[in-house]
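Thanks for making room for this today. I would like to walk through one structure slowly, going from its loops and strands to its helices and its interior.

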Amino acid sequence: MHSIQMNLAGRLLRLETGDIAKQASGAVMVRYGDTMVLATCVGADKPREGVDFFPLTVDYEEKLCAAGKIPGSWFRKEGRPTEKCILTSRLIDRPIRPLFPENWKNDVQIVASVMSADQENDPDIPALIGTSAALLISDIPFGGPVGSVRIGIIDNEFVVNPTTAQREISTLDLVVAGTKEAVTMIEAGAAEISEEDMLRAIQFAHGVIKDICSFQEELQKLCGKPKKEIIEKKVNAELEELMRKLFTPEVDRILTIIEKKQREKAEGELSKEALLKNLETYPVETKERISALLKDEKNTDFETIKHDILSERLRYFIVKEKRRPDGRNFHEIRPISCSTGLLPRTHGSAIFTRGQTQLIANITLGAPSEEQTLDGLLQDEKKKFLLHYYMPPYSVGEVKPLRSPGRREIGHGALAERALSYLLPSEEEFPYVIRVVCEAVESNGSTSMASVCSGSLALFDAGVPLKKPVAGIAMGLVHLGSEYSVLTDIQGLEDHLGEMDFKVAGTRDGITALQLDIKLTGVEMEVLQKALYQAKEAREFILDIMSRALSAPRAELSPYAPRIITLVIPSEKIKDVIGSGGKTINKIIAETKVKIDIEDDGRIFIVTPDAAGAQKAKNMIEAITREVEEGEIYTGKVTRLMNFGAFVEIYPGKEGLVHISQIGPGRVERVEDVFQVGDEVTVKVLKIDEMGRVNLTCKGINGNGEDPAEQHRDNPGRSDHSHGRNPYKDSGRDRRQHAYAGSSRKPYKNP
């Protein structure tokens, strides 16, 4: 077994190998604090036939036993991967994929399994470092090592790998991965960080990454295996020469077609059949050789050469001739249009169109109890803001079966959610659970950033007091030799054939989200700086257009959205509102037709579209939680009759006793002679004893006779506590007098 360790941000980072998972191509146990991740890699011995891509699979696994928890599902075991697992799998995949040899077509599978979670150190960074180390010591060809680090900002200072508690107060959550030479991946959420501070954070992160890469190289020196031989596969030279000669002029024409479907159709016409047709004038031997080659289904030379021609010609046009396929300059954004209020019955909606990319966003506002609860290794997370992204096949003119969201859709949704989340109002200001659904109805580049724009407008349309509007833009990069060009608002062709997809979202005052993916082995800081400032210029332009559609949140919620009234009561009063077995709260809900959510800290949320019902429920809860004071007057109902008196419910869940001696000015022989269960009676609080029991009286309310309450309190009675009710109306005593008229039963005498 081999083990090495280094100090990283005041905690030991340890890599161990040789003792666990010895049949894998490479296996490393990473320990950071008490968080441990087993990262493994296995590479196939032979390349997969008939593929023109690198078959890499990355799976990150979390089992709650690593944190000493039992899953909350019915089966008490983990099911399909959580959103956290999918996003971390992407986090590992994106920086390592460009570092495999171009001709390597062998299957490679990465599995990173969390073995222990200390709930302070997120396992995602150790998982990425462990994956790089496992690939480095394996026999799989790999251009690493790759280091990774998380950077936060607390009190204007950079913090390396902040703990869970520190991340709660950090204004930046930045994950950077890269080699010693350059950055290969960026993922960030931020509270309106300036471009200058973001660049400084990335540079600071890369300095730490260099140390982590050197650390991994120590392990490789100790136990690294010889790498497998890379078989340089070259395309057929004769086929390449023919295709370049016959297809290059047509490719130049295709790259000027602006409409996506027309261009794709023209690309499809560059087929094997078209090539053979153009060989009619060539010698028979040539035709037969090329025909045999094209008929071999396992041979991918045709598609490889065709892609290379398209890519090379696009780079030449952009870098050398300074023109893009659709004629725009490098800073120009495609035509934009947007509007709100598109969907009448949703709580808010917006449509955002940029070129041939179009997103519809709609908002649903829900009660606090509808928040999403997520089992996690770090802590059980409760989410009140949800953004879900969908891209149906018709958006790109394809026929495919509808499935649940894939990794790409989940990643796009998480990025847009992060971009908007920093600008949301506080729970005290806006207690709703907010769900945003972004539907890509047409796609030709950067639907994730269009989701940010449409989502921001839809939130405004719903009346959500978003602090500022948010917009996003995707930046691209095209290299040709030592020259390069940074492109604003890349379309699908520039994304597919280019080397960078750099998404930047934010407000006029700063960045709220970043995501960088590249196809190169790294990107220089000079390129990142140019892209960030170019993105800021584009973001401000888009925000100007969005403000013309809707410049501020609407003052009123949709008539179909629920209304929430918030109350705060002492936590010890919660049991009174709920009542025995939920009797009291169920009674309030039944009478008012509202939904009531109660938090442990005493916050109560009354949710209903009916304002009158909400107010009635609020009054009932306030009555229950109001402290009873001696001398107060209530109108309540008789609930029980005893020999010694009657119990009166003065408000839901709170009863007091009217002793038989306190029923009337005169002597009352039997309680039943005056009261029956269900009678409404006006009473005054006579005394609250040391056990909290409430003693009531019917005397002195009408101003007749002595007021016994005066004997038990120092302050004079306050008739204004009747809250506008007439204390003399419909008392049980008055109604009972009328009931006894003409009866043989003798009513009490009225002095």
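**From a loop to the core**

Let me begin with alanine 21, which lies in the loop between strand 2 (11-17) and strand 3 (26-32). Please keep in mind throughout that this is a predicted model. Alanine 21 has a positive phi of about 55 degrees, although it is not a glycine, and with a relative accessible area of 32% it is partly exposed.

A positive phi in a residue other than glycine also turns up at glutamate 192, where the value is near 55 degrees. Glutamate 192, however, lies in strand 10, and with a relative accessible area of 23% it is partly exposed.

That brings me to strand 10 itself, residues 183-193, where 9 of the 11 residues are buried, so the strand is largely enclosed by the rest of the structure. Which strands pair with strand 10? Strand 9, residues 172-178, runs antiparallel to strand 10 and is joined to it by 7 bridges, and the two form a hairpin with 4 residues between them. Within that pairing, leucine 174 stands opposite alanine 188 of strand 10. Strand 21, residues 510-518, is also antiparallel to strand 10, with 6 bridges joining them, and here glutamate 187 stands opposite glutamine 515.

Another hairpin is formed by strand 18 and strand 19, with 2 residues between them, and glycine 481 in the turn has a positive phi of about 65 degrees. These strands, residues 471-480 and residues 483-488, run antiparallel and are joined by 6 bridges, and histidine 479 has tyrosine 484 in strand 19 as its bridge partner.

Let me turn to helix 5, residues 237-254. At 1.5 Å a residue, its 18 residues should span 26 Å, and its end C-alpha atoms are 24 Å apart, which agrees. There is nevertheless a kink of about 45 degrees at phenylalanine 247, shortly before proline 249. At the start of helix 5, a side-chain oxygen of asparagine 236 reaches to within 3.0 Å of the backbone nitrogen of glutamate 238. The buried residues of helix 5 include Leu239, Leu242, Met243 and Phe247, and what do the buried residues of this helix pack against? They pack against helix 6 (260-268), helix 7 (272-277), helix 8 (284-295) and helix 9 (301-320).

Now to the interior. In soluble globular proteins, nonpolar side chains tend to be buried together. In this model the largest nonpolar core has 138 residues, and those with the most contacts inside it are Ile96, Leu174, Met198, Ile434 and Phe502. Helix 4, residues 195-223, gives the most to this core, with 11 residues. A second, separate core of 37 residues includes Ile606, Tyr634, Ala646 and Cys698.

To look at one member of the largest core, isoleucine 96 is in contact, leaving aside its neighbours within four places in sequence, with residues including Leu56, Val58, Ile110 and Phe142.

A polar residue can be followed in the same way: glutamate 417 lies in helix 10, residues 407-421, and is buried, with a relative accessible area of 13%. Not counting residues up to four places away in sequence, glutamate 417 touches Lys383, Phe385, Leu386 and Leu387.

I will finish back in a loop, with proline 145, which lies between helix 2 (124-137) and strand 7 (147-154). A cis peptide bond joins glycine 144 to proline 145, with omega at about 10 degrees.

Notes:
Residues numbered from 1 in each chain as written. Predicted model: local features only at pLDDT ≥ 70, side-chain atom pairs only at ≥ 80, totals over all residues. Heavy atoms only, no water. Pairing = 2+ DSSP bridges. Buried < 20%, exposed > 50% of the residue type's maximum accessible area, 1.4 Å probe, protein only. Contact = heavy atoms within 4.5 Å. Expected span 1.5 Å × (residues − 1). Bend = angle between axes of the 7 residues up to and from the residue. Polar contact = N/O pair within 3.5 Å; in protein donor to acceptor, adjacent residues only side chain to side chain. Core = buried A, V, L, I, M, F, W, Y, C linked by side-chain atoms within 4.5 Å.
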